[in-house]
Amino acid sequence: MTQRRTRLDSTAVLHGAQLVLDEKGLDGFTTRALAGHLQVQQPALYWHFRTKGELLAALAEDVLAREHHGSLPEPGEKWDAFLQRNARSFRSALHAVRDGARLHAEHHRRPGDTIDESSDDAPGRQVALLVSQGFDEGTAVSALVAISRYTVGVVLEEQADSRRRDRDPENDRRFEFGLSALIAGISAHLQASPRAA
């Protein structure tokens, strides 16, 4: 599957990369296949991304930017409602591309160990919401990481059978059960912490 030659910029490379990923999967993804799809010589890709790893990291970031619509808290939102909405949106984003959970787990750039709560970035605003509702910063970060890792793990299993691209309602039920249990555990931990007393 090739496309008509268009002006090659980083946006076109990422769009082509997603199409190649959807066609071949992460194991079959090569810069040679991408160059063929874009009808360019392989070295042309390296003007935009120095390595295949850098390209896949940018693709993982691009997928989240386009598909993850629940990453920011809404005004007045309770922490538990936000964690549920965020996890559902994150799961949906991972399902938006073939091998999306593996792409995220293996190539997504993670923020540093410290998160600036006053910044406009999603992690900072997420932590700030939880801190404003009784979490200490460390517990807030741990809660967000736990929800994120749970979601990635679920989608990894859901996408393990590359022949199945359709969503199974039973998987949705199981995801929701696990998510509710995890949030209930976070709530119990919060209630038992000295700061909540």
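This briefing covers the salt bridges, aromatic pairs and one charge-over-ring contact of the structure. The model is predicted. Across the whole structure, a search finds twelve salt bridges, and there are two aromatic pairs. Phe175 takes part in one of these pairs and also has Arg91 over its face.

**Salt bridges**

- Arg50 and Glu54 form a salt bridge, with 3.0 Å between the closest N and O atoms. Arg50 is exposed at 66% relative accessibility, whereas Glu54 is partly exposed at 21%.
- Glu77 and Arg85 are joined by a salt bridge of 2.7 Å, N to O. Glu77 counts as buried, with 10% relative accessibility, while Arg85 is partly exposed at 22%. Arg85 falls outside the buried class because that class requires a relative accessible area under 20%.
- Glu170 and Arg173 also meet through their side chains in a salt bridge, at 2.7 Å from N to O. Both residues belong to helix α8 (residues 169-192), where they are three residues apart, about one turn of the helix. Glu170 is partly exposed, with a relative accessible area of 28%, and Arg173 is partly exposed at 48%.
- Asp27, Arg102 and Glu106 form one network through salt bridges that share partners.

**Aromatic pairs**

- Trp79 and Phe135 make an edge-to-face pair, with ring centres 5.0 Å apart and 80° between the planes. This pair connects distant parts of the chain, 56 residues apart: Trp79 is in helix α4 (residues 79-94), and Phe135 is in the loop between α6 (122-132) and α7 (137-158). Trp79 is buried at 9% relative accessible area, and Phe135 is buried at 0%.
- Tyr150 and Phe175 form a stacked pair, at 5.5 Å centre to centre and 15° between the planes. The pair counts as stacked because its planes are under 30 degrees apart. Here too the pair links distant parts of the chain, with Tyr150 in helix α7 and Phe175 in helix α8, 25 residues apart. Tyr150 is partly exposed, with a relative accessible area of 22%, but Phe175 is buried at 1%.

**Charge over a ring**

- Arg91 lies over the face of Phe175, 4.7 Å from the ring centre. The ring that Arg91 covers belongs to a residue that is buried, with a relative accessible area of 1%.

Note on methods: Residues are numbered from 1 along each chain as its sequence is written. This is a predicted model: local features need pLDDT of at least 70, side-chain atom pairs count only at pLDDT 80 or more; totals for chains, interfaces and linings use all residues. Side-chain values use heavy atoms; hydrogens and water are left out. A salt bridge is a side-chain nitrogen of Lys or Arg within 4 Å of a carboxyl oxygen of Asp or Glu. Buried means under 20% relative accessible area, exposed over 50%, partly exposed in between (1.4 Å probe, protein chains only). Helices (H or I, at least four residues) and strands (E, at least two) are DSSP runs, numbered from the N terminus. Rings of Phe, Tyr and Trp (its six-membered ring) pair if their centres lie within 6.5 Å; planes under 30 degrees apart count as stacked, over 60 as edge-to-face and the rest as tilted. A charge sits over a ring if NZ of Lys or CZ of Arg is within 6 Å of the ring centre and within 35 degrees of the ring normal.
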